[in-house]
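Good morning, and thank you for making time for this short presentation. I would ask you to keep the sequence and the structure in view while I speak.

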Amino acid sequence: MDKNKYYCRIDGTIYNLKSIQQMIDSGEKTGPIYISLLEDYKLPEEYADRLTYYIYENNSIPADLDVAWEEILAKNVESRNIPSCPNCQSNNITVATRGYTFSRGIWGSNDPVNYCVKCGYKWEPRHPLKGL
Ligand SMILES: [Zn+2]
């Protein structure tokens, strides 16, 4: 096991996310991981959202969240999968699934929901992460 794989640079600060790595290793869902990032690591919601999204997609912790997020955005732009928020036009969108929104807890639906990280607006797209 790479002993450094749970160190993550977030907005210039190195975080030791060992307990998050253990949650990933034990197959924990993203909801409890997100809550742990907020409550145990005191991450701002924006970064907790991004890191949870990365973990959801990759099942691992990035060495540098800002770099990883740029790569995610670049990849999504290439495949034209970046939606924009109907409320504020921000492209800083994440997707919540399986009854979670990452910020608000259980939402009562198994359908994917687009979530605007900037303004908090939520909507149910016809095509998740492909626009409205
Ligand atoms: Zn918005």
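**A walk through the predicted model**

I begin with a single residue, Ser36, which sits in helix H2. The model is a predicted one, and that should be kept in mind throughout. Is Ser36 buried, exposed or partly exposed? Its C-beta atom has 18 others within 10 Å, so Ser36 is classed as partly exposed. Setting aside residues up to four places away in sequence, Ser36 touches Ser19, Ile20 and Met23. For the pair Ser36 and Ser19, 17 residues apart in sequence, the C-alpha to C-alpha distance is 8.9 Å.

Let me now place this residue in the whole chain. The chain contains four helices and seven strands. Along the sequence, these elements follow the order β-β-α-α-α-α-β-β-β-β-β. The chain has 132 residues, of which 27% count as buried. Among contacts with a separation of 6 or more, 43% join residues 24 or more positions apart.

I turn next to the packing of helices H2 and H3. Helix H2 covers residues 30–39 and helix H3 residues 45–58; their axes come within 9 Å and cross at roughly 145°. The crossing of H2 past H3 is right-handed. On the H2 side, the contact is formed by Thr30, Ile33, Tyr34, Leu37 and Leu38. On the H3 side, the residues are Glu45, Ala48, Leu51, Thr52, Ile55 and Tyr56. What is the character of the residues in this contact of H2 with H3? Eight are nonpolar, two are polar and one is charged.

This leads to the interior. In soluble globular proteins, nonpolar side chains tend to be buried together. The largest nonpolar core here has 18 residues, and those touching the most other members are Leu17, Ile20, Leu37, Ala48, Leu51 and Ile61. Strand S1, residues 7–10, supplies at least two residues of this core, as do H2 and H3. Which element gives the most to this core? The answer is H3, with six residues. Ala48 is in contact with Tyr34, Leu37, Leu38 and Leu43, when neighbours within four places in sequence are left aside. Apart from this core there is another, of six residues, including Cys85, Val113, Tyr115 and Val117.

Still in helix H3, we find Tyr47. Tyr47 counts as buried because it has 21 C-beta neighbours inside 10 Å, and the threshold for that class is 20 or more. Not counting residues up to four places away in sequence, Tyr47 touches Ile10, Asp11 and Leu65. Tyr47 and Trp69 are 22 residues apart in sequence, with 9.7 Å between their C-alpha atoms.

The loop between H2 and H3 deserves a separate word. Asp40 lies in this loop, and Lys42 has its place there as well. Why does Asp40 count as exposed? Asp40 has 11 C-beta neighbours inside 10 Å, and a residue with 12 or fewer is classed as exposed. Lys42 counts as exposed because it has 9 such neighbours inside 10 Å. The C-alpha atoms of Asp40 and Ile20 are separated by 9.9 Å, although their positions lie 20 residues apart along the chain when one is counted from the other.

Now to the backbone. Most residues other than glycine have a negative phi. Lys42, which is not a glycine, has a positive phi near 60°. Gln89, also not a glycine, has a positive phi of about 65°. Gln89 is located in the loop between helix H4, residues 65–78, and strand S3, residues 93–96. With 10 other C-beta atoms within 10 Å, Gln89 is exposed.

Finally, I come to confidence. The average pLDDT of the chain is 79, and 73% of the residues score at least 70. Which elements of the chain have the highest and the lowest mean pLDDT? S1 has the highest, at 96, and strand S5, residues 105–106, has the lowest, at 45. Over residues 103–109 the pLDDT is below 50, and this stretch has ten contacts in the model beyond near neighbours in sequence. Residues 127–132 also stay under 50, and the model gives them 13 contacts beyond four places in sequence. Where pLDDT is low, the predicted coordinates should not be read in detail.

Methods. Residues are numbered from 1 along each chain as its sequence is written. This is a predicted model: local features need pLDDT of at least 70, side-chain atom pairs count only at pLDDT 80 or more; totals for chains, interfaces and linings use all residues. Axes are lines fitted to C-alpha atoms, for helices over the stretch in contact, and angles run from 0 to 180 degrees between N-to-C directions. A crossing is left-handed if the near helix is turned anticlockwise from the far one by less than a right angle, and right-handed if clockwise. Two residues are in contact if their C-beta atoms, placed from the backbone, lie within 7 Å. Ala, Val, Leu, Ile, Met, Phe, Trp, Tyr, Cys and Pro count as nonpolar, Asp, Glu, Lys and Arg as charged, and the others, Gly among them, as polar. A nonpolar core is a set of buried Ala, Val, Leu, Ile, Met, Phe, Trp, Tyr and Cys residues joined through C-beta atoms within 7 Å. pLDDT is the predictor's confidence in each residue, from 0 to 100.
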